[in-house]
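User: I'm new to this structure and would love a close look at one part of it. Could you pick a helix and walk me through it, along with the loop that follows one of its neighbours?

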Amino acid sequence: MKDKRSIRQTEVFEDDSLPDSTSELVISDAEKTGQLKGVRCRIVMAKLRASISVGILVAAAAIFVFLLIDVTAGDVIGLDRFAYRLFVIHLRTTWLTGIMEGFSGLASPVTVVVMLIVVAAFAPGPNVGRLACINLVSALAVDLIFKAIVQRPRPDGFRLVAETGYSFPSGHSMFSMAFYGFLIWLVWHYEKDNLQRWLFCLSFAFIIIMIGVSRIYLGVHYASDVLGGYSLALVWLVLFTKLMVPALIRKPHDKDATPQRLQ
């Protein structure tokens, strides 16, 4: 009897291998289901990012076109009057003037070139410096083209610094949005630490805003010039990051490779 029972127990134990294979199938199906959910989540997020980019592009283009129509018509926009009263009449002080000159200098050609060299030198890969150079040179070309088309004179009578050239769109505002905005895009996409990501992005955004404010404060640009430079640079930045950056980051000899991050 004991032998028969042991034989039966052995058969039972041998039959227990069947549920194990079934459980392995269940686990593999669960893994596949999890992978599918992850893929779907990534697809949804990609569509959301694309929708946000399109929204920014359309809004920025609409703002720039609106400003361009008013500026070419020779109108002094109410926004310009309000900004003049706020920054020139009410806020101008000796100590604040020095601060505003410092912020304005952050978008000067010398400062931007130095920072461009720093980015190219310390970025982990050659493509970041190359992309930053292409971005900045292209933004400069777009700014000069629209300045030559519009030919809006700069504000006169209340400048604190000497400037030459036309006023619309603001070159400093456009350079700051193009350069520091591209740095925001890089940090947001490739920095893994959330605290550092937000810290850097907010810092760069603050610099962008203050550069535009400083140009109004110093009396070398109208507020509409600054807003026009921001909006035009945003249009360029969205097109640049969506069309040119993926093509330049992807290695041309590896068609099946995913885009290389920062390399």
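Analyst: Happy to! One term helps at the start: the expected span of a helix is 1.5 Å times one less than its number of residues. Please keep in mind that this is a predicted model.

Let's take helix α4, which runs over residues 94–105 and has twelve residues. From its first C-alpha to its last, α4 reaches 17 Å, close to the 16 Å expected.

Now look at which side chains are tucked away. Leu 96, Thr 97, Met 100, Phe 103 and Ser 104 of α4 are buried. They lie on the same side of α4, because together they cover an arc of only 125 degrees around the axis. A general rule helps here: an α-helix has 3.6 residues a turn, so residues three or four places apart point the same way. Turn to the other side of α4 and you will find Thr 94 and Trp 95, which are exposed.

What do the buried residues of α4 pack against? Their partners are α7 (171–190) and α8 (194–217).

Following α7 back leads to the loop between α6 (126–150) and α7, where Pro 169 has its place. The peptide bond from Phe 168 to Pro 169 is cis, with omega near -10 degrees.

Gln 151 is in the loop between α6 and α7 too. Its phi is near 55 degrees, a positive value in a residue other than glycine. Gln 151 counts as partly exposed because its relative accessibility is 44%, and that class lies between the buried limit of under 20% and the exposed limit of over 50%.

Definitions and conventions:
Residues numbered from 1 in each chain as written. Predicted model: local features only at pLDDT ≥ 70, side-chain atom pairs only at ≥ 80, totals over all residues. Heavy atoms only, no water. Helix = DSSP H or I, 4+ residues; strand = E, 2+ residues; numbered from the N terminus. Buried < 20%, exposed > 50% of the residue type's maximum accessible area, 1.4 Å probe, protein only. Arc of directions from axis to C-beta. Contact = heavy atoms within 4.5 Å.
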